[in-house]
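User: Hi! I'd like to talk through a structure with you. Could you put it up and start wherever you like?

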Amino acid sequence: MRTEVKNIKCVHKVMYFPLCDLVLDSLDSGSAPVSLSVSPKRSQFFKYDSFSVSCEGEEQSEEEVAGWRVMKRTEDGEVRPCPSSCSITAAFPATDSGVYWCETGRGETSNSVNISVTAGSVILDSPVLPVMEGHDVTLSCRPRVTMSSFHLTADFYKDGVFIRSSSTGNMTIHSVSPSDEGLYRCNVSGAAGAGGSADSWLTVRAPPAGRDPPPPLLSVSALLRHLVVGAPYLLSTILLGLIYRDRARVQHARKSRQTSDDVIMEMAA
């Protein structure tokens with residue numbers, strides 16, 4: 001497979017740099033033998049954080065993977081290879097924010113990842129790689145200043161539209177679908193670490209051919225709702241069973257007493 005990078009276009013403006021996508025001209029962009037990996041597995045980092053980017057292959061030997069190198073397009077638009085280790089020990093917005101991907105000398109490319117390094121006070125901890133359809137995903141709003149969950153209230157937005165508030169700073173999307181794809185950000189207010197995060201794109205992928213998505217799990221609220229609705233019917237069934245059992249016992253006792261009286265009368269006769 002030969003894949004060439006035609007250009008890199010910016011599709012959305014975030015807090016510190018344009019969110020850019022690699023536009024690839026490929027016969028099969030999903031069949032690259034190597035994929036990009038980021039550790040820790042998130043796309044936003046604070047200034048001076050540490051992270052690493054590498055090329056990994058599930059079925060490739062070390063020699064085959066060694067033929068791939070990490071490339072990045074930085075904030076200023078410059079495209080250059082990352083150092084061989086590509087381990088950033090003190091991230092800086094201008095030099096380490098941008099689009100990262102793996103590439104060979106023949107022009108083959110892997111998936112691309114947009115990484116944001118911010119000097120701000122809040123980041124959104126979200127999956128850096130695509131999420132499989134039907135799985136659950138949790139987004140976390142993380143302030144630079146350590147805050148107790150009691151004081152942390154975060155507002156979450158998708159494509160600029162408010163979704164919900166969370167008193168824990170976390171938001172879980174159950175059984176994700178393609179409609180959940182989009183730009184997510186969060187905002188923390190009412191504390192010393194208040195502020196908003198940059199945008200992060202959440203990608204949802206269909207499961208591989210022949211593999212169905214996992215069955216959806218009931219959320220706590222849905223489970224409580226089912227219990228509230230079903231409780232009256234369950235209690236009614238239990239009460240009817242108890243009443244029927246007591247009636248059967250009474251009838252059995254009456255029959256036993258009647259039989260005993262008949263025997264006594266016959267003996268007396």
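Analyst: Happy to! Let's start at the surface: L235, I238, L239 and L242 make up a nonpolar patch there, with a combined accessible area of about 370 Å². Keep in mind that this is a predicted model.

User: Which helix does L239 lie in?

Analyst: L239 is part of helix 3, which covers residues 220-268.

User: And is L239 buried or exposed?

Analyst: Exposed: the relative accessible area of L239 is 52%, and the cut-off for that class is over 50%.

User: Cool. Switching to charges, how many salt bridges does a search of the whole structure find?

Analyst: The search turns up six salt bridges. One of them joins R80 and E78, with an N to O distance of 3.0 Å.

User: How accessible are R80 and E78?

Analyst: R80 is partly exposed, at 24% relative accessible area. E78 is also partly exposed, with a value of 40%.

User: What about E108, which residue does its side chain meet in a salt bridge?

Analyst: That would be R106, at 2.8 Å from N to O. The two ends sit in different classes: E108 is buried, with a relative accessible area of 9%, whereas R106 is exposed at 54%.

User: Why does E108 count as buried?

Analyst: Its relative accessible area is 9%, and E108 is therefore below the cut-off, since buried means under 20%.

User: Got it. Which residue forms a salt bridge with D49?

Analyst: R42 does, and the closest N and O atoms of the pair are 3.5 Å apart. R42 is buried, with 10% relative accessible area, while D49 is partly exposed at 21%.

User: Let's change topic to strands. In what order do the three strands of the open sheet run?

Analyst: The order is 3-5-8, and the pairing is antiparallel. Strand 3 (35-39) and strand 8 (87-88) are the edge strands, each pairing on one side only.

User: How do strands pair in a sheet, generally?

Analyst: They pair through backbone hydrogen bonds, in either a parallel or an antiparallel sense.

User: Back to this one, then: over how many bridges do strand 3 and strand 5 pair?

Analyst: Over five bridges, in the antiparallel sense, with strand 5 made up of residues 51-56.

User: Can you give me one to look at? What is the bridge partner of S39 in strand 5?

Analyst: Sure, look for S52: that is the residue in strand 5 that partners S39.

Technical notes. Residues numbered from 1 in each chain as written. Predicted model: local features only at pLDDT ≥ 70, side-chain atom pairs only at ≥ 80, totals over all residues. Heavy atoms only, no water. Salt bridge = Lys/Arg side-chain N within 4 Å of Asp/Glu carboxyl O. Buried < 20%, exposed > 50% of the residue type's maximum accessible area, 1.4 Å probe, protein only. Pairing = 2+ DSSP bridges. Helix = DSSP H or I, 4+ residues; strand = E, 2+ residues; numbered from the N terminus. Patch = residues over 30% accessible without salt bridge, like charges linked within 9 Å, V, L, I, M, F, W, Y side chains within 5 Å. Areas by Shrake-Rupley, 256 points an atom, 1.4 Å probe, with all protein chains shown as cover.
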